[in-house]
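Dear colleague,

I am handing over a structure that may be new to you. Please look at the sequence and the model before reading the notes beneath them.

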Amino acid sequence: MGHRVLVAVGGGAAAMKSPFVVRRLLEAGYEVRVLASPRALAFTTETALALASGHEVATETRWFEPHGRALHLDLAAWADLVLVAPATAAALARAATGLAEDLLTATIVGGARQVLWAPAMNPEMWHHPTTQANVRRLKALGHGFAGPVHGAMASVGEAEGLGRMVEPEDLVAHVRRALAPKDLEGLHFLITAGPTREHLDPVRFLSNPSSGKMGFALAEAARDRGAKVVLVSGPTALPAPFDVTLVRVESALQMRQAVLDHFEQSDVVIMAAAVADWRPAEKLPEKEAKSGREKTLHLVANPDILAELGTMKAGRVLVGFAMETGHGLERAFAKVKRKNLDFICLNHPTQPETAFGGDTNRIVVVFPDGRTESLGLASKRELADRILDRVRGSIQQRV
Ligand code: C5P
């Protein structure tokens, strides 16, 4: 991390959200500076942007202050990425033709290393052939695009349509992707996430508190690094990540089927799902009435999906997760061997900072030769990248 992002705020109504974009990027660990066009300051203020970023805002009026430097060249040299948010049709047109008369375009033409556009405009303007031609031209020049997305427009009473700026927190995901190394390009990942639900009747089930966050973080990290990702998830509250094929399932048996459906074309399989080990022997078609009496459940074992994949592994990289509430090293080591895995990620879901549902985790990687490696305590996203580094290591050992 530690990348430098210049948020270039264009003159559209979505500029109201630009201070939040700045904040979300800072929270994600980026260094952030802001450039604002004169029209942007009709929708937000220099004070709001300066407060959000903690730095003076680069504006047209500062461009030609007698400080003896070319501000546009300084900004272009400073930024690893220029995020234009919001990007207007006019800004796209100027950049596509190199009309560097304003600070924003001059910064882009002045040597910006990477540009990501977050367009926000009325759907008519977005769909207009000139706008679309400019977008194609910028894409051909290597510029990236985040959105626009479908939704409500800024002016009251205007119809919904395609032209809304991607929301600030989602823009962070696009920035992360733009800046990620593309070291998993061409690989197909199959990742599982979340709990499974094993129904007793239509409204009662056995499950566990897995939130799915670790598996989703892995899917997003692999996508960002260039992989094609199929994510098979049990019930979670998490939104579908963009550019990931999400297959939602409920039970372990459904998860097994979905995993088998995608196994053939996968190069790497990571089972982060907390699959229920048992399911009720029968699922009642109707809700069973309360009786007030004791009840015994008859459970049968679910198939071990990962162990089954281990028998069909061929050249694939197979990774598992092990949750242990006590000393799990020996058990994890036994599992990595029994399930024919490249490695297993051991975590302890009963410790405070690694509890189910949290945003951080602590992982120890256990290899079949008995080696162990601590990935430390970190955000699930950061750990996902560290796990993918180990996946790359396993791939490199194959060639
Ligand atoms: O044996 P244990 O359940 O501890 O192994 C955990 C690993 O195996 C996880 O990667 C989990 O996703 C996977 N698993 C599975 N099918 C099961 C149970 C666990 O694939 N029925």
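The notes below cover the ligand, the pockets and some features of the backbone.

This is a predicted model, in which local features need pLDDT of at least 70, side-chain atom pairs count only at pLDDT 80 or more, and totals for chains, interfaces and linings use all residues. Residues are numbered from 1 along each chain as its sequence is written, and side-chain values use heavy atoms, with hydrogens and water left out.

**The ligand**

The residues around the ligand (those with a heavy atom within 4 Å of it) are M271, A273, V275, D277, P303, D304, I305, L306, G320, F321, K335 and K339. By class, this shell holds seven nonpolar, one polar and four charged residues. Here Ala, Val, Leu, Ile, Met, Phe, Trp, Tyr, Cys and Pro count as nonpolar, Asp, Glu, Lys and Arg as charged, and the others, Gly among them, as polar.

Oxygen atoms of the ligand take part in polar contacts, meaning pairs of N or O atoms within 3.5 Å. A polar side-chain atom of K335 lies 2.4 Å from a ligand oxygen, and a side-chain N or O atom of K339 lies 2.9 Å from a ligand oxygen. From F321, a backbone N or O atom is 2.8 Å from an oxygen atom of the ligand. The ligand taken alone exposes 450 Å², of which the protein buries 88% (Shrake-Rupley method, 1.4 Å probe).

The elements that give two or more residues to the shell are α12 (305–311) and β16 (317–323); helices (H or I, at least four residues) and strands (E, at least two) are DSSP runs, numbered from the N terminus.

**The pockets**

A pocket is an open set of points on a 1 Å grid over the protein atoms alone, where a 1.4 Å probe fits, with protein on both sides within 12 Å along at least five of seven lines; lining residues have an atom within 4 Å of a point. The ligand takes the space of the second largest pocket (more than half of its atoms lie within 2 Å of the grid points).

The largest pocket has a volume of about 1200 Å³ (the space filled by probe spheres set on the points). Of its 34 lining residues, the closest to the centre are A173, R176, A217, E220 and R381. The lining divides into 15 nonpolar, two polar and 17 charged residues.

**The backbone**

A cis peptide bond joins A85 and P86, with omega about 0°; P86 is in strand β3 (residues 81–87).

Yours sincerely

Terms used. Polar contact = N/O pair within 3.5 Å; in protein donor to acceptor, adjacent residues only side chain to side chain.
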